[in-house]
Amino acid sequence: MTSSKLTFLVTTMFSRLASTFTLRQASHSAARHLERPFHNARATLSPLTVSTLPRSCPACHQPLPSTLPACSNCGSITNIPPDINYYHLLGFEYNPSQFHLDQGLLRSQFRRAQVACHPDAWTSKGQTDVAQLLSSQVNEAYQTLRDPLSRLHYLLALNGVPMEETDKLEDMEFLSEIMLARDTIDDAEDKAEVLQVADECQEKLKNAFKEISRLVERGDWSAAKQAGLRLKYIRGVEKAAEESLRDR
């Protein structure tokens, strides 16, 4: 493929996919297809300045049943620092060189924390507002860490390389492959063609996760950001394939 033709294909693709890959359309309820960079007030923080949580109750000094300052022994519940690290909030050690996270343990820690701060359990103590805020923070942390792409965005932010809406992917050959995959989905005459694209996406996703893990382990955050952008586009194709199969 000539350079001029490749440039034309990529330019065309950007105009066609602008709405599909807009960074403003993602939400935690659609974390599987997250397509916007993680952005949050704590994104500018260094991991060295992020607060940690107490292991014992500040009021009665007994061990806490979860990572939260919510004590079932004396009925004390307090707010957490606004800059708390999501890993610490859900009971994990923060390791900037580790991308993989045990999903089973993450779910277990999340449920344990949610039980500790469930608003209904604190209504009689007049602490519903604090409990609701804690519950919201725990849920945000869980949704961020459970999804590989949003977890990468969070790691990038903690390490001073936050994702921006203006970030562009420099791999033009990859972008042309994405456009061709979407054309295949749009022009497919039967499910078999779409299923083939979907299968290829699964293989690309596996490779993308492996690549991101290697880059995070090396601390190559600029390359990890580019890998995250590629992952975003692959997920977009995956989502398009799923929607096409549902409509057939």
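## A first look at an all-helix chain

Asp-220 forms a salt bridge with Arg-218, and their closest N and O atoms are 3.9 Å apart. Asp-220 is partly exposed because its relative accessibility is 30%, while Arg-218 counts as exposed at 58%. We will come back to such pairs after a look at the whole chain.

**The chain as a whole**

Please keep in mind that this is a predicted model. The mean pLDDT of the chain is 82, with 79% of the residues reaching 70 or more. Residues 3-49 have a pLDDT below 50, and this stretch makes 92 contacts in the model beyond near neighbours in sequence.

How many helices and strands does the chain have? The secondary structure comes to nine helices and zero strands, so the pattern along the sequence reads α-α-α-α-α-α-α-α-α. Of the 248 residues, 45% are buried. Among contacts with a separation of 6 or more, 71% join residues 24 or more positions apart. The chain exposes about 13,100 Å², and carbon and sulfur atoms supply 49% of that area.

**The nonpolar core**

The largest nonpolar core holds 61 residues, and those touching the most other members are Tyr-87, Leu-89, Leu-90 and Leu-145. The elements giving two or more residues to this core are α2 (86-89), α3 (103-116), α5, α6 (148-158), α7 (172-187), α8 (191-218) and α9 (221-247). With ten residues, α9 gives the most. Where does the core sit relative to domain 1 and domain 2? It lies between them, because domain 1 (51-146) and domain 2 (164-247) both give residues to it.

Tyr-87 offers a good view of these surroundings. Leaving aside residues up to four places away in sequence, Tyr-87 touches Phe-92, Glu-93, Tyr-94, Leu-101, Leu-145, Arg-151, Tyr-154 and Leu-155.

**Salt bridges**

Side chains of opposite charge can pair when their charged atoms come close. The count here comes to four salt bridges, and the table shows some of them.

| Pair | N to O distance | Citation |
|---|---|---|
| Arg-235 and Asp-147 | 2.9 Å | salt bridge |
| Glu-211 and Arg-230 | 2.8 Å | salt bridge |
| Asp-220 and Arg-218 | 3.9 Å | salt bridge |

The side chains of Arg-235 and Asp-147 meet in a salt bridge. Arg-235 lies in helix α9 and Asp-147 in the loop between α5 and α6, so this pair ties together parts that are 88 residues apart in sequence. Are these two residues buried or exposed? Arg-235 counts as buried because its relative accessibility is 6%, and Asp-147 is buried at 4%.

The side chains of Glu-211 and Arg-230 also meet in a salt bridge. Glu-211 belongs to helix α8 and Arg-230 to helix α9, so the pair ties together parts 19 residues apart in sequence. Glu-211 is partly exposed, with a relative accessible area of 24%, whereas Arg-230 is buried at 16%.

**Two serines in helix α5**

Finally, let us visit a pair of serines. Ser-135 has its place in helix α5, and Ser-136 is found in this helix too, which spans residues 128-146. Ser-135 counts as buried because its relative accessibility of 16% is under the 20% limit. Ser-136, at 44%, counts as partly exposed.

Not counting residues up to four places away in sequence, Ser-135 touches Gln-114 and Cys-117. As for Ser-136, its C-alpha lies 9.7 Å from that of Cys-117, and the two residues are 19 apart in sequence.

Technical notes. Residues are numbered from 1 along each chain as its sequence is written. This is a predicted model: local features need pLDDT of at least 70, side-chain atom pairs count only at pLDDT 80 or more; totals for chains, interfaces and linings use all residues. Side-chain values use heavy atoms; hydrogens and water are left out. pLDDT is the predictor's confidence in each residue, from 0 to 100. Contact means heavy atoms within 4.5 Å. Helices (H or I, at least four residues) and strands (E, at least two) are DSSP runs, numbered from the N terminus. Buried means under 20% relative accessible area, exposed over 50%, partly exposed in between (1.4 Å probe, protein chains only). A nonpolar core is a set of buried Ala, Val, Leu, Ile, Met, Phe, Trp, Tyr and Cys residues joined through side-chain atoms within 4.5 Å. Domain bounds come from an automatic or database domain assignment. Accessible areas come from the Shrake-Rupley method with a 1.4 Å probe; for residues, only the protein chains shown count as cover.
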